[in-house]
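Hi everyone, thanks for making time this morning. Let me put the structure up on the screen so that we can walk through it together.

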Amino acid sequence: MFPIYDVVVVGAGHAGCEAAAAAANMGMRVMLATMNMNTIAQMSCNPAMGGVAKGQIVREVDALGGYSGIVTDRTMIQFRMLNRSKGPAMWSPRAQSDRMRFAEEWRLMLERTPNVDFWQEMIVGLVVKDNKIVGVKTSLGLEIPAKAVVLTNGTFLNGLIHIGEKQFGGGRSGERASVGLTAELEALGFESNRMKTGTPPRLDGRTINWDMLEAQGGDENPSKFSFTDTPKLTKQRPCHITYTSKVTHQALEKGFDRSPMFNGRIKGLGPRYCPSIEDKITRFAERDRHQLFLEPEGWNTVEVYVNGFSSSLPEDVQYDAIRTIPGLEHAKMFRPGYAVEYDFFPPTQLKLSLETQLVENLFFAGQINGTTGYEEAACQGLMAGINASRKVQEKEAFILKRNQAYIGVLIDDLVNKGTNEPYRMFTSRAEYRMLLRQDNADLRLTELGYEIGLAKEDRYQKLLNKKKQLKQVKEALEQTSIAPTEVAPYLSSLGSSPLKQKVKAASILTRPKVTLNGLLESSENLTSQLSDISEDALEQTEIHMKYAGYIEKEEKLAQKMMRLDEISIPGKFDYHAIKALSNESREKLSDQRPSNLGQASRISGVSTADISVLLIHMGR
């Protein structure tokens with residue numbers, strides 16, 4: 001019934017969709033298997049993409065040739081660049097999305113992608129021969145043969161939903177759990193564990209008193225995620241801000257005796273940085289209120305997402321507490337919040353390619369690896385799709401380093417350090433964040449995407465054109481002299497000391513508060529030279545010239561640290577034979593089998609002294 005597929009992707013969430021698209025666009029014959037074709041790319045939690053560090057990931061996915069940025073641009077209802085008041089390493093794009101249009105656009109893009117087939121059915125087992133994956137088994141007893149398999153099961157593996165004292169199987173509200181795969185993987189020798197995540201109630205916007213709430217609009221000049229020619233926003237929908245109160249907290253506390261979090265029914269560990277409302281008022285008991293964001297679910301729907309009010313308390317407790325919040329006194333719920341527990345597999349069982357160590361050609365991506373968030377899932381799916389394709393083609397794995405991308409940081413953290421709580425990306429996790437800015441993701445990654453056959457020719461030509469523009473701007477700034485009279489009013493308005501003689505524009509630009517736009521408004525000569533340059537190229541050149549010292553320092557540090565990555569470790573290296581290594585180090589290194597010394601140095605429990613011992617042992 002089925003041909004032999006190059007890559008079978010199990011699960012059609014954000015990870016699965018990117019994995020299928022990447023493999024298909026690299027010429028693979030792909031099967032995307034999902035339990036429900038109508039929930040492809042469903043936004044299970046908040047209707048938004050991007051945010052701090054997450055926005056950088058979406059831009060990296062796009063730069064490599066993925067779809068998430070394009071889909072977001074086509075379906076967003078608001079755009080904001082977060083952290084503009086901070087340095088450019090912290091700037092993070094974020095978009096509110098139309099939930100229904102987002103899922104629809106993803107499905108349509110996949111249907112328009114050659115080489116992608118679909119199958120709606122639960123995958124309950126794997127077909128493994130000689131420790132190598134050769135297919136998957138469906139609930140109807142069918143076998144789908146495959147050269148490589150990517151598992152992206154999200155929260156569905158033995159998913160259990162909690163609402164107060166009620167619990168029932170499910171991976172998402174209204175959808176059944178996936179059973180069978182965990183047992184099969186454990187039988188193959190994989191270790192599994194449990195995690196928990198949650199979601200807030202959804203409200204009827206017609207019953208909210210919007211006049212009482214603080215509106216939060218998008219940027220006046222909204223940007224976008226994709227480096228391709230996606231449409232720019234011409235209108236936006238606002239979010240709104242309100243707060244809980246002591247009365248709200250008292251209403252919530254009345255249900256604590258029926259809370260699955262507090263009575264021990266939930267065993268899995270939840271996300272530290274996105275706690276439930278009951279967890280917040282317990283951990284931060286000294287606070288009288290907590291901020292809530294009311295996020296519209298789309299252009300036309302009245303459904304509203306209450307960001308900051310995730311809960312697994314009984315529905316009546318949630319309802320009573322919601323109605324104590326300013327503006328929500330008469331609010332009606334579409335559905336209550338809930339918690340979901342699910343199986344995950346500690347990612348230390350993976351290679352940096354996201355291929356499992358135990359079974360050849362089997363890849364894991366997304367929440368099965370212990371991450372949380374659409375963006376973290378999408379980038380893992382993309383990388384798993386790329387590496388599954390390259391494995392089938394008998395090519396070496398495509399690995400991004402920590403100084404190349406946030407994607408590289410995320411995967412390196414997961415594989416080398418593991419996680420016992422839902423992993424979320426932050427700018428603070430990246431030691432080279434000045435290099436990994438959202439504005440230069442295409443400069444860092446598009447050529448790599450082009451070389452592996454994922455980013456197409458039009459993307460590559462856009463990159464070459466951008467590089468040409470960046471060079472043109474830099475040369476103009478370094479060669480154009482500006483007279484004191486030209487910029488006197490501008491410098492005076494900034495409180496900056498006046499010029500005493502003509503100086504190059506580049507020199508003025510390095511002054512605090514001086515901007516390139518300000519110089520362009522002051523100098524007709526400079527403006528005429530740069531009239532055909534894109535806003536992106538102007539902004540990127542300004543960042544690079546203003547922060548050149550910091551960027552150069554990080555580049556040198558990265559080069560120094562990455563030298564360890566060039567020292568390979570044989571696959572069957574016997575760590576137990578080196579008595580000078582600590583016991584913990586011997587165990588961790590033997591278990592995780594790092595491919596090089598750089599990877600070994602980032603494993604939790606492996607000390608600098610242990611790396612020195614390995615260097616000496618290898619004759620370095």
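I'll go through two sheets, a hairpin, two helices and one glycine in a loop.

First, some housekeeping: this is a predicted model, so local features need pLDDT of at least 70 and side-chain atom pairs count only at pLDDT 80 or more, while totals for chains, interfaces and linings use all residues. Residues are numbered from 1 along each chain as its sequence is written, and side-chain values use heavy atoms, with hydrogens and water left out.

A word on naming too. Helices (H or I, at least four residues) and strands (E, at least two) are DSSP runs, numbered from the N terminus. Two strands pair if DSSP finds at least two bridges between them.

Let's start with the open sheet of three strands, ordered β3-β5-β4 and paired antiparallel. Its edges are β3, residues 48-50, and β4, residues 76-82, each pairing on one side only. On average, neighbouring strands here are turned by 15° against each other, direction ignored. For angles, axes are lines fitted to C-alpha atoms, for helices over the stretch in contact, and values run from 0 to 180 degrees between N-to-C directions.

Zooming in, β3 and β5 (residues 92-97) are joined antiparallel over three bridges, and Ala 48 has Gln 96 in β5 as its bridge partner. Across β3, β4 and β5 lies helix α3, residues 68-75, running at about 115° to β4.

Now please look at Arg 94, which sits in strand β5. Which side chain does Arg 94 join in a polar contact of 2.6 Å? That would be Gln 96. By polar contact I mean a pair of N or O atoms within 3.5 Å; within protein, one must be able to donate a hydrogen and the other to accept it, and residues adjacent in sequence count only if both atoms are side-chain atoms. Arg 94 also has plenty to show beyond four places in sequence: it touches residues including Asn 46, Ala 48, Phe 79, Phe 225, Glu 295 and Asn 307. Contact here means heavy atoms within 4.5 Å.

On to helix α4, residues 99-111. The 13 residues of α4 reach 19 Å from first C-alpha to last, close to the 18 Å expected at 1.5 Å a residue; that expected span is 1.5 Å times one less than the number of residues. Buried in α4 are Arg 99, Phe 102, Ala 103, Glu 105, Trp 106, Met 109 and Leu 110. Buried means under 20% relative accessible area, exposed over 50%, and partly exposed in between, with a 1.4 Å probe and protein chains only. Those buried residues cover an arc of only 160° around the axis, so they fall on the same side of α4. The arc is taken from the directions from the helix axis to the C-beta atoms.

Next, the hairpin. Strands β10 (160-163) and β11 (166-169) pair antiparallel over four bridges, with Ile 163 partnered by Lys 166. Two residues lie between the strands, and Gly 164 in the turn has a positive phi of about 60°.

The second sheet is open as well, with six antiparallel strands in the order β14-β15-β16-β17-β13-β18. Its twist averages 35° from one strand to the next. Leu 203 stands opposite Met 333 in β18.

Finally, Gly 218 is in the loop between β14 and β15. Gly 218 is partly exposed, at 28% relative accessible area, and its contacts beyond four places in sequence are Gln 78, Phe 79, Arg 80 and Gln 236.
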